[in-house]
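Dear colleague,

I am handing over the structure we spoke about, and below it you will find my notes on what turned up when I went through it. Please read them with the structure open beside you.

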Amino acid sequence: MLSALLFQTAAAVITPAVAATLFAVLMAFFMAMFAISLYNGLVRARMRTREAWSGIEVQLKRRASLIPNLVETVRGYAAHEHEVFAEVAQARGALAKASGPAASAAADQFLTQALGRLMAVAENYPQLQAAASFTHLQGDLADTEEKIAYARQFYNVNALDCNARIQSFPGNQFAAWFHFEPVTFFTAEPGVFEDVKVSFAKAV
């Protein structure tokens, strides 16, 4: 009897107006939670992309630090190849000044081309190819190239996810409100390497 009385009392208290108010409050709560989830997802996607980009920067700097020693080693056997050495130095300087994925990708392409020409010069000197210092640097360079390729792939995957969140509904609304910008991919321009085949792996 008591439970039935309480139920009847509760039913009497929850009028249509109260029910509508409760429904509106619940809807507002769930919408707020959904909005927070969307915003946090955008933030996480942007942070993952920035972290992935830092991985590319680390490997690019590592490769840049190997180049002076590599150039000096080759110069010891081919001192007359001034044009090639100047091209490598210029490309390395351009990469150091580059900022952001697009500019860094373009500068990295030209540096890879310049290094390819440097390695082509080195192939003309069997004594250089047999030098322990050269083979060690060549191995380090090949290892770094592999890490750059992996870091580039990892970055581009995260960039794709971030851009998909920014450009798809309803995330695009929040992206516009909070100024989330699309991320630039780290990619080579088509045709840049069509006439240059570069391999930094040690010859066997």
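Let me begin with a pair inside one helix: D161 and R165 both belong to helix α6, where four residues, or about one turn of the helix, separate them. Please keep in mind that this is a predicted model, and that the values below are to be read in that light. The two side chains form a salt bridge, in which the closest N and O atoms are 3.2 Å apart. Are these two residues buried, partly exposed or exposed? D161 has a relative accessibility of 28%, so it counts as partly exposed, and R165 counts as partly exposed as well, because its relative accessibility is 34%. This pair also belongs to a network, since salt bridges that share partners join R48, D161 and R165.

In total, the structure holds eight salt bridges. Another of them is formed by D108 and R63, with 2.1 Å between the closest N and O atoms. This pair links distant parts of the chain, for D108 sits in helix α4 (residues 100–122) and R63 in helix α2 (residues 16–75), 45 residues apart. Both D108 and R63 are buried.

R63 also meets the side chain of E145 in a salt bridge, at 2.3 Å from N to O. Here, too, distant parts of the chain are linked, as R63 lies in helix α2 and E145 in helix α6 (residues 132–167), 82 residues apart. Why does E145 count as buried? Buried means under 20% relative accessible area, and E145 counts as buried because its relative accessibility is 19%. For R63 the relative accessible area is 0%, so this residue is buried too.

The last feature I looked at is the second largest pocket, which holds about 240 Å³ of space. Its lining includes W53, E57, L60, K61 and A64, together with R92, L95, A96, A98, G100 and S104. Helices α2, α3 (82–97) and α4 each supply at least two residues of this lining, and the largest share, five residues, comes from α2. Sorted by class, the lining of this pocket has six nonpolar, two polar and three charged residues.

When you go through the structure yourself, you might start with R63, as this residue forms salt bridges with both D108 and E145, and then turn to the lining of the pocket.

With best wishes

Note on methods
Residues are numbered from 1 along each chain as its sequence is written. This is a predicted model: local features need pLDDT of at least 70, side-chain atom pairs count only at pLDDT 80 or more; totals for chains, interfaces and linings use all residues. Side-chain values use heavy atoms; hydrogens and water are left out. A salt bridge is a side-chain nitrogen of Lys or Arg within 4 Å of a carboxyl oxygen of Asp or Glu. Buried means under 20% relative accessible area, exposed over 50%, partly exposed in between (1.4 Å probe, protein chains only). On a 1 Å grid over the protein atoms alone, a cavity is a set of points where a 1.4 Å probe fits but cannot get out, and a pocket is an open set with protein on both sides within 12 Å along at least five of seven lines; lining residues have an atom within 4 Å of a point. Grid points are joined across faces, edges and corners, and a volume is the space filled by probe spheres set on the points. Ala, Val, Leu, Ile, Met, Phe, Trp, Tyr, Cys and Pro count as nonpolar, Asp, Glu, Lys and Arg as charged, and the others, Gly among them, as polar.
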